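Here are a few worked exercises to try with the structure open in your viewer. Have a go at each task before you read its solution.

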Number of protein chains: 2
Amino acid sequence: METSFLAYLRGRCRTLPEVEVGIGDDAAVLAPVQGRQVICADQIIDGVDFDAAGQSLADIGYKAMAINLSDIAAMGAVPDAAFVTLALPKDDATQTAGAVYEGILESAARHQVSIAGGDLSVYDGPLSINITMTGHVAAGEPWLRSGACEGDAIVVSGAFGGSILGRHLRPISRLSMAATLRRLVDVHAAIDASDGLSLDLDRMLAASRVGAELDIDQIPIHDDAHRQSEQSGRSAFEHAWSDGEDFELIMTMSADDAQKAVDDPKIGKDLRRIGTVVGRTGLWKRDKGSLKRLSPQGYLHG
Amino acid sequence: METSFLAYLRGRCRTLPEVEVGIGDDAAVLAPVQGRQVICADQIIDGVDFDAAGQSLADIGYKAMAINLSDIAAMGAVPDAAFVTLALPKDDATQTAGAVYEGILESAARHQVSIAGGDLSVYDGPLSINITMTGHVAAGEPWLRSGACEGDAIVVSGAFGGSILGRHLRPISRLSMAATLRRLVDVHAAIDASDGLSLDLDRMLAASRVGAELDIDQIPIHDDAHRQSEQSGRSAFEHAWSDGEDFELIMTMSADDAQKAVDDPKIGKDLRRIGTVVGRTGLWKRDKGSLKRLSPQGYLHG
């Protein structure tokens with residue numbers, strides 16, 4: 001199927017100026033990147049990360065793009081090109097590839113990303129979608145996990161919890177908020193919440209060798225977390241704290257910058273300050289005057 | 001296994017200046033590329049592209065790098081960074097990953113490539129290795145399949161056939177010859193022979209909308225093709241013509257440049273001229289004064 005499918009794809013893929021040669025040669029040729037280049041890679045597999053029998057293949061393709069776009073946003077970067085590699089189960093391989101690509105191409109068009117290359121295999125195994133994505137930071141430095149400083153405000157780009165009810169398939173990619181924040185303030189550190197707010201916050205702070213004092217009441221809880229709570233018997237807060245796949249950004253910046261960002265009309269009301277970076281490692285909350293340690297929870301990959 | 005294995009990998013991976021931030025953040029950060037960037041992606045899967053039961057896992061990891069390095073060489077480029085994504089069968093996942101990485105890291109060290117990122121999954125399926133590799137062309141243009149001109153000489157970087165006897169696992173990556181040729185001559189078009197000399201030659205010429213008149217007797221036949229012929233009953237020439245995974249380069253350049261390259265002591269005697277590009281599409285040989293059409297053969301992906 002490879003030759004004919006690649007011909008079909010070449011016809012469907014938009015040509016954007018950052019890709020000088022796309023699908024069809026031994027490698028793609030990219031135009032020189034302005035500033036710094038970032039590259040991420042994420043794969044999702046049927047039976048591990050999604051359930052192909054219960055979900056639309058287009059949604060799954062869209063999600064494979066979204067998890068990479070979220071990583072690009074977490075670097076404060078703009079996405080450029082995607083390299084898409086599929087491993088396709090033998091039955092209906094061409095039909096599966098076509099359906100997955102509907103979601104991939106929808107995402108690529110929405111976010112101005114070129115599908116510049118990749119690979120296709122047909123095999124005796126579950127559907128697997130692997131995307132490597134390039135992006136760039138035109139001016140300034142990419143946002144790393146390791147840049148948080150004592151005294152920084154901790155801000156999040158939106159509400160958490162209950163994404164499993166459906167939102168996880170077509171998450172908002174916070175590229176536009178990241179671009180606005182880059183112009184407006186100086187972000188010191190960032191990570192995207194893929195495995196759970198508390199777990200990813202803890203990872204970012206550990207990379208920065210600092211901790212956090214959290215204002216627990218300020219953590220935005222998604223309506224889905226409340227709905228999920230009714231089914232699960234766990235509190236909505238617990239879902240917000242530990243559910244994965246929110247794909248919101250967790251960032252640190254000076255307290256003044258955080259105030260400026262929260263007040264800015266272009267940022268909107270999704271951005272919320274949830275705490276302060278402290279020198280003592282770990283996650284903490286103030287309870288009747290004394291500090292109590294919180295346990296990070298979330299999805300740990302097998 | 002992911003967290004601890006990534007920590008192990010970070011320790012094993014060499015830091016090269018082109019990668020400013022490697023494994024461990026949301027994305028890698030690459031230093032600005034000098035000239036033009038090329039990016040390729042290739043996956044190999046147990047049961048489709050190799051047999052994990054009968055081969056060393058380190059060899060398979062080495063090969064996954066080699067097929068990408070061969071694509072970089074075919075662009076006339078220098079490799080920079082690799083993004084390695086593994087899908088690992090549940091049984092002995094960590095041990096499998098470690099063994100595969102032995103070969104990947106050996107190749108990375110030999111060819112000065114940084115392992116800058118990737119992903120790991122454990123699943124109910126066969127071992128799959130997916131590598132996306134970046135490279136650059138510091139000065140001049142990447143070599144495309146589409147640049148062959150009527151009158152060009154067709155040259156190959158080495159001998160063909162019988163790679164299945166073992167050579168396919170640890171092929172010579174023609175990066176060094178590509179670098180020498182870039183300094184010495186003007187390569188018009190190039191492709192690497194992964195699916196068979198005749199099939200890949202035909203692909204390159206089709207992309208250039210031209211054909212070839214071949215001097216069949218000049219096609220270098222590998223000793224392995226002769227050995228394979230004894231087992232298969234097919235001629236050694238047939239093996240050279242259609243076996244895949246030689247990973248030699250097929251290139252076109254002016255006749256004068258071809259002579260200059262063949263005569264150059266740095267290139268060595270592996271380079272051979274095997275024919276001439278003609279305006280009429282297809283592969284041809286001259287037989288008693290008249291042209292006879294040849295049929296391209298090789299490995300067509302399911």
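One thing before you start: this is a predicted model.

**Exercise 1. A helix pair in chain A**

Work out how α2(A) and α3(A) are oriented to each other, and list what they touch with.

*Solution.* Begin with the axes. Helix α2 (residues 57–74) and helix α3 (residues 93–110) of chain A have axes that come within 7 Å and cross at roughly 45°. Next, name the orientation: angles under 35 degrees count as roughly parallel and 65 to 115 as roughly perpendicular. The pair α2(A) and α3(A) is therefore oblique. As for handedness, α2(A) passes α3(A) in a right-handed crossing.

Now for the residues. On the α2(A) side, the contact is made by A:Leu57, A:Ala58, A:Gly61, A:Tyr62, A:Met65 and A:Leu69. The α3(A) side brings in A:Thr96, A:Ala99, A:Val100, A:Glu102, A:Gly103, A:Ile104, A:Glu106, A:Ser107, A:Ala108 and A:Arg110. Sort this contact by class and you get 9 nonpolar, 4 polar and 3 charged residues.

**Exercise 2. Now chain B**

Find the angle and the axis distance for helix α2 and helix α3 of chain B, then describe their contact.

*Solution.* The axes of α2 (residues 57–74) and α3 (residues 93–110) in chain B are 7 Å apart, and the helices pack at an angle of about 45°. That makes α2(B) and α3(B) oblique to each other, and their crossing is right-handed. From α2(B), the residues involved include B:Tyr62, B:Met65 and B:Leu69. Among those they meet in α3(B) are B:Val100, B:Ile104 and B:Ala108. The class count for the contact of α2(B) with α3(B) is 9 nonpolar, 4 polar and 3 charged.

**Exercise 3. One residue in a strand, one in a helix**

Decide whether B:Val84 and B:Leu9 are buried or exposed, and find what each one touches beyond its sequence neighbours.

*Solution.* Take B:Val84, which sits in strand β4 (residues 78–89) of chain B. Buried means under 20% relative accessible area, so B:Val84, at 2%, is buried. Skip the neighbours within four places in sequence, and its contacts are B:Tyr101, B:Ile104, B:Ile115, B:Gly117, B:Gly118, B:Asp119, B:Asn130 and B:Ile131. If you want a distance to check, B:Val84 and B:Ala41 are 43 residues apart in sequence and 9.9 Å apart from C-alpha to C-alpha.

Then B:Leu9, in helix α1 (residues 2–12) of chain B. B:Leu9 also counts as buried, with a relative accessibility of 2%. Leaving out residues up to four places away, B:Leu9 touches B:Ile23 and B:Tyr101. Here is another distance to try: 39 Å separates the C-alpha atoms of B:Leu9 and B:Asp223, which are 214 residues apart along the chain.

**Exercise 4. The α4 helices**

List the buried residues of α4 in chain B and what they pack against, then look at A:Thr180 in chain A.

*Solution.* In chain B, helix α4 (residues 175–184) has B:Leu175, B:Met177, B:Ala178, B:Thr180, B:Leu181 and B:Leu184 buried. The buried residues of α4(B) pack against α2, β4, β10 (249–253) and α8 (255–263) of chain B.

Over in chain A, A:Thr180 belongs to helix α4 (residues 175–184). Its relative accessibility is 10%, so A:Thr180 counts as buried. Apart from residues up to four places away in sequence, A:Thr180 touches A:Lys266 and A:Ile267.

**Exercise 5. A helix and positive phi values**

Check the span of α5 in chain B, identify the residue that follows α5(B), and examine B:Glu245 as well.

*Solution.* Helix α5 (residues 197–208) of chain B has 12 residues and reaches 17 Å from its first C-alpha to its last, close to the 16 Å expected. Its buried residues are B:Leu197, B:Ser198, B:Leu199, B:Asp200, B:Leu201, B:Met204, B:Leu205 and B:Ser208.

After α5(B) comes B:Arg209, with phi near 55°, a positive value in a residue other than glycine. B:Arg209 lies in the loop between α5 and β9 (211–214) of chain B. With a relative accessible area of 71%, B:Arg209 is exposed.

B:Glu245 has a positive phi too, near 60°. Look for B:Glu245 in the loop between α7 (236–242) and β10 of chain B. At 24% relative accessibility, B:Glu245 is partly exposed.

Methods
Residues are numbered from 1 along each chain as its sequence is written. Chains are lettered from A and ligands numbered from 1 in the order in which they are written. This is a predicted model: local features need pLDDT of at least 70, side-chain atom pairs count only at pLDDT 80 or more; totals for chains, interfaces and linings use all residues. Side-chain values use heavy atoms; hydrogens and water are left out. Helices (H or I, at least four residues) and strands (E, at least two) are DSSP runs, numbered from the N terminus. The expected span of a helix is 1.5 Å times one less than its number of residues. Buried means under 20% relative accessible area, exposed over 50%, partly exposed in between (1.4 Å probe, protein chains only). Axes are lines fitted to C-alpha atoms, for helices over the stretch in contact, and angles run from 0 to 180 degrees between N-to-C directions. Angles under 35 degrees count as roughly parallel, over 145 as roughly antiparallel, 65 to 115 as roughly perpendicular and the rest as oblique. A crossing is left-handed if the near helix is turned anticlockwise from the far one by less than a right angle, and right-handed if clockwise. Contact means heavy atoms within 4.5 Å. Ala, Val, Leu, Ile, Met, Phe, Trp, Tyr, Cys and Pro count as nonpolar, Asp, Glu, Lys and Arg as charged, and the others, Gly among them, as polar.
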